[in-house]
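Me: Could you take a close look at the salt bridges in this model for me? I would like to know which residues pair up and how buried or exposed the partners are.

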Amino acid sequence: MPSAAPTVKATKSGIRIELTGLEELNAALAGISLDMRTVIIAKAVTEGAKPLVRYIKMYAPVQSGALRASISAKTLRNRKKGFAVAMVGPRTGKYKSGKRVKKGGNTLDSDQPSRYAHLVEFGHNRKKGGVTPARPFMRPAITAAGPQVARSILNGAQKGLNAAVKKYAKIRAK
């Protein structure tokens, strides 16, 4: 199994985790069809997002519990280009008492963490003067989770490759 070194970079569109030292994995994926490669990469990215979600939830400040409850990951694939991306952060929707309110449910006194998570992370000025200080939770969680994310991505890639081999073996057996 190759070893990967994670680097964390802040960009305008979010925070990017890049892994270096994956030449063996790239070589293994080079001989696989684009569609199958996308499935393997999506599995790896999905597995890598799991520890990140756990760490962000652990670092998230709790007032009503809505922000912590809303943290999740979603993996998007592009089969034509052969890549996948995991988006980690608060889900849209309304939360009450730390639980998601179902559509048509009572939304009185509910929170929408996706609308204020950035204000908690970076702080903000108040309308009537004063400043609410930043309470970073995503950036420290990403830094702390980096090595575990790298291991999870590699394990996910291994699982995806094993599944691809089994699928290919079934196809060849027919």
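What follows is a walk through the charged pairs, with a short look at a nonpolar patch at the end.

Reply: Happy to! Please keep in mind that this is a predicted model. In total, 4 salt bridges are found in the structure. As general background, side chains of opposite charge can pair when their charged atoms come close.

Let's begin with E47. One of its partners is K43, and the N to O distance in that salt bridge is 3.5 Å. Both residues belong to helix 2, which spans residues 34–59, and they sit 4 residues apart, so about one helical turn separates them. Their surroundings are worth a look too. E47 has a relative accessibility of 12% and therefore counts as buried, since the cut-off for buried is under 20%. K43 has a relative accessible area of 36%, so this lysine is partly exposed.

E47 also forms a salt bridge with K159, where the closest N and O atoms are 3.7 Å apart. This pair links distant parts of the chain: E47 lies in helix 2 and K159 in helix 5 (residues 138–173), with their positions 112 residues apart. K159 is partly exposed, its relative accessible area being 43%.

Now to another pair, R139 and E121. The closest N and O atoms of this salt bridge are 2.7 Å apart. Here too, distant parts of the chain are linked, with R139 in helix 5 and E121 in helix 4 (residues 117–122), 18 residues apart. R139 is partly exposed at a relative accessible area of 34%, whereas E121 counts as buried because its relative accessibility is 3%.

Stepping back to the first group, salt bridges with shared partners join K43, E47, K50 and K159 into one network. Within that network, E47 is the residue that pairs with K43 and also with K159.

For contrast, here is a part of the surface without charges. L76, F83, V85 and M87 make a nonpolar surface patch of about 330 Å². The element that gives the most to this patch is strand 4 (residues 83–90), which supplies 3 residues. F83 is found in strand 4, and with a relative accessible area of 37% this phenylalanine is partly exposed. That value fits its place in the patch, because patch residues need over 30% relative accessible area.

Conventions
Residues are numbered from 1 along each chain as its sequence is written. This is a predicted model: local features need pLDDT of at least 70, side-chain atom pairs count only at pLDDT 80 or more; totals for chains, interfaces and linings use all residues. Side-chain values use heavy atoms; hydrogens and water are left out. Patches are made of residues with over 30% relative accessible area and no salt bridge: like charges are joined within 9 Å, nonpolar side chains (Val, Leu, Ile, Met, Phe, Trp, Tyr) within 5 Å. Accessible areas come from the Shrake-Rupley method with a 1.4 Å probe; for residues, only the protein chains shown count as cover. A salt bridge is a side-chain nitrogen of Lys or Arg within 4 Å of a carboxyl oxygen of Asp or Glu. Helices (H or I, at least four residues) and strands (E, at least two) are DSSP runs, numbered from the N terminus. Buried means under 20% relative accessible area, exposed over 50%, partly exposed in between (1.4 Å probe, protein chains only).
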